[in-house]
Each structure stands twice: as structure tokens, then as C-alpha cells.
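Please open the model in your viewer and keep the sequence panel beside it, since this tour moves from one selection to the next.

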Amino acid sequence: MTTATALPGLFSLGLARGGTELREFFRQRENVVFTFSLPAVIMLLLGTVYVKQPIQGQLFAASMVGAGIISTSFVGLGISIAADREDGTLKRLHGTPMPLASYFIGKTILVLVSSLAEVVLLLAVAWLRFDVELPTDPKKIATFAWVFLLGVIACSLLGTVVSSLAKSTRSAPAVLNLPYIILQFISGVFISPLTALPDSLQITGAIFPLKWVCQGFRSVFASDEYQVLEVAGSWELGKIALVLGAWCVAGLLLVTRTFRWTNDNR
Amino acid sequence: MNAIRVRGLRKAYKDHQAVDGVDLDVERGEVFAVLGPNGAGKTTTVEILEGHRRRDAGEVHVLGDDPGKAGRTWRSRIGIVLQTATDAAELTVAESVRHFAKYYADPRQPDEVIELVGLTEKAKSRVRTLSGGQRRRLDVALGIIGRPELVFLDEPTTGFDPEARRHFWTLIRKLAAEGTTILLTTHYLDEAEALADRVAVLAKGRIVAEGTPATLGGRHSADATVRWTDDRGPHEISTSEPTKVIAELAKHGELAELTVSRPTLEDVYLELIA
């Protein structure tokens with residue numbers, strides 16, 4: 001009986017999944033090129049209009065980096081899980097001793113790596129085209145790190161939840177991109193400062209993670225005198241941590257309730 | 001203990017009763033085929049046994065556990081061969097087999113499995129470049145990499161050309177010879193006849209007959225048909241004693257085009273599902 005031998009650990013299987021996820025992801029060339037380049041292209045186009053003074057470049061680049069990691073986590077992960085559900089990846093895994101937790105560890109590795117790559121690309125464009133200064137203060141870099149992590153985790157979980165709404169791989173990009181684009185409008189990415197928006201849109205935007213991620217990144221890329229431009233007149237770092245943390249918890253609960261292995265009704 | 005034991009299994013979808021009281025026993029080491037037309041409930045039944053689908057009622061034991069509640073250890077003892085998956089498209093054959101081997105405590109050697117399913121020449125090819133038949137053989141490789149005690153094959157050769165089917169059958173026979181229990185669904189009668197120790201015919205969610213391919217539906221004890229031709233044309237006699245009939249006829253000399261036939265599996269099957 002094979003039952004006597006221990007099955008591989010959850011975490012080592014997660015690492016194996018992560019390696020395979022990355023390998024598959026980076027071999028899909030068009031996917032990589034288009035997923036990655038879209039935020040950079042938008043940054044180039046909008047930046048050319050918006051950025052007149054250095055501080056505008058700093059603030060805009062920070063918001064675009066926020067939007068960039070939401071595209072790799074929320075949109076990217078959501079599409080990849082919808083695809084796994086449709087092409088049989090999840091069904092096959094469900095028939096093996098691989099635990100669901102290891103699958104998600106693998107996806108986490110994929111999202112962290114692709115999000116970091118997105119940040120690097122966006123910062124490179126910002127630096128080359130808009131002369132954006134990168135933060136050197138360790139305190140600011142630490143802020144960047146925790147906002148990045150919380151933002152990526154919260155949005156990954158939400159992308160996983162929303163992927164369950166997509167009936168097929170074909171509809172997944174539409175289902176995920178609509179909220180993403182709306183959020184970019186009302187979270188201070190495309191339209192900045194946020195105070196230019198009507199109150200109702202400001203409040204709606206403040207419910208979701210993107211606004212807080214962008215605000216956190218603005219605190220990293222702009223000096224503290226510019227926090228007066230924010231809606232609250234300050235960077236609100238504590239509140240950012242609170243809102244993003246709450247979304248992580250809510251996202252996890254929603255994922256456990258909505259996750260499906262396949263598209264058909266069991 | 002049987003590999004599979006099912007009593008009173010029922011499953012309904014919105015508009016119809018897909019499985020309507022199925023009882024099933026599959027012994028260890030047996031190749032068991034579930035025959036039935038499309039929509040008979042074959043896939044639903046198998047997916048419940050695999051733990052992929054919930055049941056409405058009934059008692060189900062697969063390798064001693066309830067598939068609806070069984071955990072990782074149980075899943076490491078079964079092998080599921082998927083039919084329609086297009087996953088792992090960007091991996092190579094060898095990469096995907098090696099990756100799945102990592103899930104198990106005591107997997108087979110990936111290279112040996114690739115050899116067994118006849119994909120050695122394709123080991124370094126991306127999965128998306130495989131033909132339909134090659135893709136299904138990879139599915140078998142991934143289904144057996146964990147050294148399963150029981151393998152599920154749901155209509156494994158649908159869409160295969162005749163040569164590919166023969167190769168596939170050889171592969172299944174190899175697995176069976178190693179002592180693996182195999183549950184196979186098919187709507188090809190020759191496949192059931194070629195591979196299965198026992199068959200069950202499923203129609204409209206119920207098992208309407210069960211037995212060895214040779215005895216299914218009373219096939220072995222049914223009347224034989226003796227046919228021959230003489231100056232007056234072709235003749236046909238239905239009899240329970242064909243030897244006696246032929247002995248009688250032989251007194252008149254050589255019989256042209258003499259045949260003795262029993263109902264084919266197809267005759268019995270068509271009768272059963274009608």
C-alpha cells in the first residue's frame with residue numbers, strides 16, 4: 001500500500017506549482033507582451049499630456065505603478081484562473097493529491113513575480129521618459145514594500161473571486177477589465193487629484209483597494225509637502241494598511257465561498 | 001474488499017434524472033466496462049466515483065472510502081484520465097509528466113511512463129503541438145504516474161483512428177496485466193469486448209444488464225442461427241441445438257456457405273438499450 005509513504009508537503013508542492021506557473025506564463029509570448037506593456041503604454045500616452053512639472057511626473061508614475069500591479073494581480077490572476085478552470089487544469093489537479101493551498105501558493109509566486117516585473121518596467125519608463133526620481137529613503141522603500149504586498153494580495157484574492165463570475169476564458173478579460181478600468185478613473189490614476197471628482201465617485205473609489213494602493217505609492221514617490229493634495233490632506237498610511245488588510249481578509253473569505261474547480265454545475 | 005461498491009446511486013440535474021438507482025461492484029484487478037449510449041449517465045456515474053461530482057443519494061465506496069469525503073491519500077491511490085483537457089499547453093511532454101510525478105509519494109519513473117504511452121519521441125515537444133491521439137496518451141501518462149490502484153477512463157478512444165485505438169488497447173492491457181483495476185466507459189462494443197473482464201450496460205440512468213462480454217444478456221445461451229445455401233437458395237434455421245441440425249443436414253452432402261452464429265454483442269446491446 002502506498003498510503004504508508006508520506007505525500008509531499010503542501011509548501012514544497014506550492015513551490016513546484018510556482019515554477020511550473022512561471023514557466024507556462026513566460027512561454028506565452030503575446031500574453032506577456034500585452035499584459036505587461038498595456039500599463040506602460042497608457043503611462044506614456046497620458047503622461048505626455050499630464051506631466052508638465054516634475055512633481056506631476058512623480059505623482060502620476062506612483063499612481064500608474066499602483067494601476068500596474070492591479071493589472072497583474074486582479075486582471076492577470078483572474079484571467080489565469082478562469083483559463084485553468086476552462087482548459088481542465090483545475091479539474092485535473094482536483095483528481096490528484098495536490099492540495100488547493102499548494103495551487104494558490106503557486107499562483108501567489110506567479111503574481112508576485114509578474115507584479116514585480118511590471119513595477120520594474122513602469123519605473124524604467126517613468127525614469128527614462130519623465131525623469132522620475134526613484135525613492136532612496138529606506139523608510140519610503142519599506143512603505144512601498146508593504147503597500148505592494150498588501151495590494152497584490154488583496155487584489156489577487158478579488159481577481160480570484162471575480163474569475164468565478166466569468167463563464168469562460170473568452171469572457172474573463174471583459175469581466176475583469178471593466179471593474180479595473182472604472183476603478184482607475186475613480187481611484188486617482190487617470191484623473192488626479194481625486195478632489196476633481198464628484199463626492200459620490202470619490203466615496204465609491206475609496207471603498208476599493210486601488211485608491212489606497214495609489215495613495216500609498218504617491219507617499220513614496222512625492223515628498224511629504226504634497227500630501228495636502230490628497231482628499232484627506234494627508235497620506236493616511238494607517239488607514240491604507242487597515243483598508244488593504246480588511247480586503248485581504250474579506251477576499252480570503254469570499255474565495256473560500258466562491259471557488260469552483262470547473263465551469264459546469266456540479 | 002471490492003475496488004468499487006455502489007448501491008442505489010442517484011443524481012438528478014435540473015431537467016432529468018441522469019442516474020436512477022445504479023448498483024455496481026468492481027473487483028480488484030478487474031477491467032470493468034460501462035457501456036451505454038450518449039446521455040445514459042456514464043460520465044455522471046464515473047465523475048461521482050472520481051469525487052468530481054456530488055450525488056443526490058446512494059452509497060458509494062471507492063477503494064473503501066466515500067469519494068465525496070475522501071482526502072489526499074485517497075486521491076493518490078486513484079488515477080483519472082481526462083478526455084477533453086487542453087491544459088499544460090506550453091509545457092513539454094516530459095516537463096508535465098515530471099511535474100505531476102512530484103505530487104505523489106511513490107510515483108513511477110517519468111521517462112518510463114512516457115515510454116509506456118509511446119511518447120518518447122515527443123518528450124521534448126510542447127504539449128500544444130501534440131495530435132489528438134498523442135494528447136490523450138499524455139492524459140493516460142498523467143493518470144498513471146502516481147502508480148494508482150484504480151484508473152478511470154471515460155470514453156478514452158472517442159475520435160481515435162483504428163490504429164491509434166489498437167495502440168491504446170495494448171496500453172490498457174499492459175496496465176491491467178500489472179494488476180491495476182480499470183473502470184472504463186465506452187460506446188464502442190468492440191472496445192468493451194476486447195478489454196473488459198465484465199461489462200455493465202447503462203441505459204437511461206439504470207443498469208439493464210451485467211456480465212462478461214461473452215454472456216451479456218444471455219448471449220451464450222441464446223438460440224443459434226444456422227445458415228447455408230443450396231440449389232433452392234439461402235436457408236436459415238434458428239435452433240438451440242445447432243450441432244444436431246448440422247449433423248442432420250450433412251447427410252445430404254456438402255453444405256455451401258455454412259455458418260453458425262450467436263447474437264453479437266451489438267445485437268444484445270441494441271436489444272438492451274431499445
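Strands (E, at least two residues) and helices (H or I, at least four residues) are DSSP runs, numbered from the N terminus, and two strands pair if DSSP finds at least two bridges between them. This is a predicted model, in which local features need pLDDT of at least 70 and side-chain atom pairs count only at pLDDT 80 or more, while totals for chains, interfaces and linings use all residues. Residues are numbered from 1 along each chain as its sequence is written, chains are lettered from A in the order in which they are written, and side-chain values use heavy atoms, with hydrogens and water left out.

Begin by selecting E1(B) and E2(B), which form a hairpin with 4 residues between them. Strand E1 covers residues 4-12 of chain B and strand E2 residues 17-26, and the two run antiparallel, joined by 7 bridges; here Ile4(B) stands opposite Val26(B).

Next, add strand E4 (residues 57-62) of chain B, which pairs with E1(B) in the antiparallel sense over 5 bridges, with His61(B) as the bridge partner of Arg5(B).

Now move to Lys122(B), in the loop between helix H4 (110-116) and helix H5 (132-144) of chain B. Is Lys122(B) buried or exposed? Lys122(B) is partly exposed, because its relative accessible area is 27%, and buried means under 20%, exposed over 50% and partly exposed in between (1.4 Å probe, protein chains only). Leaving aside neighbours within four places in sequence, Lys122(B) is in contact (heavy atoms within 4.5 Å) with Val93(B), Leu130(B) and Gln134(B).
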